[in-house]
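Colleague: I would like a close look at a single part of this model, namely the charged side chains that pair with one another, and then at what lies around them. Please take me through it slowly, in connected prose.

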Amino acid sequence: MLKKLLQGRMLLPLILVTGIGGGFQYGFNMSSINAPSTFIKKFIAETWVERFGTTLDDTAVTLLWCVIVSTYPIGGLFGALNAGHLSIKYGRKNALLFNNIVAIIAAIIMMFSKVGRSFEMILVGRFLYGINAGIGLNVHSMYLGESAPKELRGLVSLTRAMFVAFGKFIGQVVGLREILGTETAWPLLLAFSGLPALIQLFLLPWFPESPRYLLIDRGNKVLCVDALRRLWGQGDFFEEVQDMEAEQAEARGERPKTARELFQDRSVRWQLITNIMLTVAMQLCGINAVTGVTAIIPFEIFTQSYRPVAFVINGSFQWLGLVLLGMIFPFIVEGLGPFCFLIFLGDCLIIAVFVFIILPETKGKTILEINEEFRKINRKRMGGSSVAVRRKPQQQEPEILSLVPGYNVLKRLWWIRSLVGSWGRR
């Protein structure tokens, strides 16, 4: 598998270039803000005295610092909500290119915040960095997942988690007092993200657009085959193109879905539930090791028309979880002490059972094959064929049965029992 990855002409360089402006930026800005915290708090206090002639107490300074830090995930949520639209309208590659401009503007604002004597500039810069990370994480995953052959799809997509970890590591290293973590150099530390943004901005135009986007969304088979050859090397790619054309035929006449349409469409109900469950579980499991897993789930279990909005939902729940966990976890620790990790244990057990029962194996399968597995689950859960799920209204239970105490609970338990039995027989 690794040999095939190395044989690809531009696939490995694409992993590096997309990673430096995608997952790396998220990880770097998560960790780099910690090192200069003392200097930024001092800067806030000094700036306040210069403006108003009064002194801020430590509580007020800490509150302003917390607002600056928490602005990053808020920007990330905003970016994630717009990632799907941008990737559809401009393409995966162009969305990442435009996204670098946001990071460069943020870096310039950060660099001159101290000279401008404005801690508000740091606040704006953090918000823009959040937007950059929210867009970059989602489009990074889409771009790589759609550019890799199916046997390498998991390996290639998991590199996002590697770049997130690498970004956190570099953020801590650059933030050392021996490098940029000093009272005079901290604006340069906050502006460091402009460098990887510039690198990606100059290198990414040399790479092709996502082959799946070119064929399925743009209907350009010639450019798709050219992109495959540039990414994977020489070959006829008959099976790969045939798989894309089959997915295109299934989605023909369907425009990209909105979040509202995805939540209302019962034919993909269990794909949606799986996507949300795994994303929320990642926030509550106590570790980030499952991030190269949850990041690629929307790509593998949704077809092209649903995929962008599925990534939006994935990213939105991820950023919301980050905000909420940051707000409530200190209180959980205060109340439960070391027993707070029982919450993580319970989360891991619940999601393990859910994955075992619901999530089919995706390794080596085409998108349509995976989608058919979920279609069986949706059909069994909703009743009837997949077409009936879309067009036929759900049959109502006799009204008298709904009045029986515990009837709905028994009905759901019976369904889970039948689902587990059918799963074991397969």
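Modeller: A salt bridge is taken here as a side-chain nitrogen of Lys or Arg within 4 Å of a carboxyl oxygen of Asp or Glu. Please keep in mind throughout that this is a predicted model. In general, side chains of opposite charge can pair when their charged atoms come close. By the rule just given, the count comes to eight salt bridges, and I will dwell on those that involve helix α4, which covers residues 37-52.

Glu-120 and Arg-51 make one of these bridges, with their closest N and O atoms 2.6 Å apart. Glu-120 sits in helix α7 and Arg-51 in helix α4, so that this pair links distant parts of the chain, 69 residues apart. Glu-120 is partly exposed, its relative accessible area being 31%, and Arg-51 is likewise partly exposed, at 37%.

Arg-117 lies in the loop between α6 (92-111) and α7, and its side chain meets that of Glu-50 in a salt bridge of 2.8 Å, N to O. This pair, too, links distant parts of the chain, with Glu-50 in helix α4 and a separation of 67 residues. Glu-50 counts as exposed, with 52% relative accessibility, whereas Arg-117 counts as partly exposed, at 27%.

Arg-117 also forms a salt bridge with Glu-46, where the closest N and O atoms are 3.9 Å apart; that distance counts because the cut-off is 4 Å. Because Arg-117 belongs to the loop and Glu-46 to helix α4, the pair ties together parts that are 71 residues apart in sequence. Glu-46 is partly exposed, with a relative accessibility of 35%. Taken together, Glu-46, Glu-50 and Arg-117 are linked in a network of salt bridges.

From these charged pairs one can turn to the nonpolar side of the picture. The largest nonpolar core has 69 residues, and those with the most contacts inside it are Ile-40, Ile-122 and Leu-204. Helix α7, residues 119-147, gives the most to this core, with twelve residues. Leaving aside its neighbours within four places in sequence, Ile-122 is in contact with Ile-40, Phe-43, Ile-68, Met-110, Ser-113, Trp-186 and Leu-190. Apart from this core lies another, of 22 residues, among them Leu-272, Ile-357, Leu-359 and Phe-374.

Aromatic rings offer a further kind of link, and the structure holds nine aromatic pairs. Phe-24 and Phe-166 form a tilted pair, 5.7 Å from centre to centre with 50° between the planes. Since Phe-24 lies in helix α3 (residues 23-31) and Phe-166 in helix α9 (residues 159-174), the pair ties together parts that are 142 residues apart in sequence. Phe-24 is buried, with a relative accessible area of 3%, while Phe-166 counts as partly exposed, at 39%. Both rings belong to one aromatic cluster, formed by Phe-24, Phe-28, Phe-166 and Phe-192.

How values were computed: Residues are numbered from 1 along each chain as its sequence is written. This is a predicted model: local features need pLDDT of at least 70, side-chain atom pairs count only at pLDDT 80 or more; totals for chains, interfaces and linings use all residues. Side-chain values use heavy atoms; hydrogens and water are left out. A nonpolar core is a set of buried Ala, Val, Leu, Ile, Met, Phe, Trp, Tyr and Cys residues joined through side-chain atoms within 4.5 Å. Buried means under 20% relative accessible area, exposed over 50%, partly exposed in between (1.4 Å probe, protein chains only). Helices (H or I, at least four residues) and strands (E, at least two) are DSSP runs, numbered from the N terminus. Contact means heavy atoms within 4.5 Å. Rings of Phe, Tyr and Trp (its six-membered ring) pair if their centres lie within 6.5 Å; planes under 30 degrees apart count as stacked, over 60 as edge-to-face and the rest as tilted.
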